[in-house]
Amino acid sequence: MKTAQAFQYKLSESNGPWLIGQVLISKNSDSTYSLSHIANDQKPELFHDPVILRKWVNIDEKGEYRPLKGEGNLKPGWKLDALSLDALIFALNVIYPTAIANWLHYDANSLRITPFQETAARQTGMYRVVARQLTDQQLQEVERETCGIKCLKIRLWNGQVVEPKEKQDKQEDHIPLLCPEACNLFVAACRSKIKSKAQ
């Protein structure tokens with residue numbers, strides 16, 4: 001089953017709205033979709049072309065670059081309306097790359113989860129030090145400082161679990177933001193932790 005078909009099937013299991021990270025998906029009466037930031041004020045800018053989202057997701061409210069797309073600092077003040085299913089998927093991939101595919105694979109028990117040790121062992125060049133010298137304590141510190149404070153994703157690679165539906169807020173259906181493998185930013189933060197300790 002293709003991504004669009006699988007996503008549509010999952011959405012058809014409820015009437016929504018659906019919450020993913022900091023955005024809300026709503027289905028319109030004409031079977032199109034709306035997508036908006038959960039912290040929008042009364043009059044968000046209204047768009048119909050999801051390409052416009054690229055300017056919103058790359059910078060935060062202070063105008064600073066957002067390297068971590070799962071970080072909870074997505075700039076509010078926008079709404080996309082009258083989106084087809086394909087346009088909705090495109091927009092979600094702009095905001096949270098791979099989130100829909102990860103969710104569909106997770107739901108189908110086919111999401112590959114990569115333990116951190118495997119990710120670290122794959123590193124080359126200046127990042128090879130991560131596999132050789134990172135202690136368990138340093139790993140936990142980087143998780144707290146990089147993932148725990150900033151990122152909204154659920155770290156499956158480190159044993160976090162998706163909250164059961166019955167424990168979730170019933171106002172919206174939740175689409176979990178999943179992290180099946182430590183990202184490059186996390187690996188870089190691990191290297192920085194090792195180097196700062198050595199100085």
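**Exercise 1.** In this predicted model, find which residues I25 touches, leaving out those up to four places away in sequence.

*Solution.* Start at I25 and look for heavy atoms within 4.5 Å. Leaving out the sequence neighbours up to four places away, I25 touches F7, P17, W18, I20, Y33, S34, L35, L88, L92 and I175. Next, place I25 in its setting: the largest nonpolar core has 32 residues, and I25 is among those that touch the most other members, along with F7, I20 and L35. Then ask who supplies this core. Two or more residues each come from α1, β1, β2, β3, α2 (54-57), β5, α3 and α4. The largest share, eight residues, belongs to α3. Finally, look elsewhere: a second, separate core of 15 residues includes V129, L134, V142 and I194.

**Exercise 2.** Work out which residues of helix α1 are buried, and why they lie on the same side of α1.

*Solution.* Walk along α1 (residues 3-11): the buried residues are A6, F7, K10 and L11. They share one side of the helix because their arc around the axis is only 135 degrees. Now see what they face: the buried residues of α1 pack against β1 (18-20), β2 (23-27), β3 (33-37), α3 (85-95) and α4 (99-107).

**Exercise 3.** Trace the order of the strands in the open sheet of six strands.

*Solution.* Read across the sheet: β4-β5-β3-β2-β1-β7, with mixed pairing. At the edges are β4 (45-47) and β7 (173-174), each pairing on one side only. Zoom in on β1 and β7: they pair in the parallel sense over two bridges, and L19 stands opposite H174 in β7. Last, add the helix α3, which lies across β1, β2, β3 and β5 (78-83) and runs at about 20 degrees to β3.

How values were computed: Residues are numbered from 1 along each chain as its sequence is written. This is a predicted model: local features need pLDDT of at least 70, side-chain atom pairs count only at pLDDT 80 or more; totals for chains, interfaces and linings use all residues. Side-chain values use heavy atoms; hydrogens and water are left out. Buried means under 20% relative accessible area, exposed over 50%, partly exposed in between (1.4 Å probe, protein chains only). Helices (H or I, at least four residues) and strands (E, at least two) are DSSP runs, numbered from the N terminus. The arc is that of the directions from the helix axis to the C-beta atoms. Two strands pair if DSSP finds at least two bridges between them. Axes are lines fitted to C-alpha atoms, for helices over the stretch in contact, and angles run from 0 to 180 degrees between N-to-C directions. A nonpolar core is a set of buried Ala, Val, Leu, Ile, Met, Phe, Trp, Tyr and Cys residues joined through side-chain atoms within 4.5 Å.
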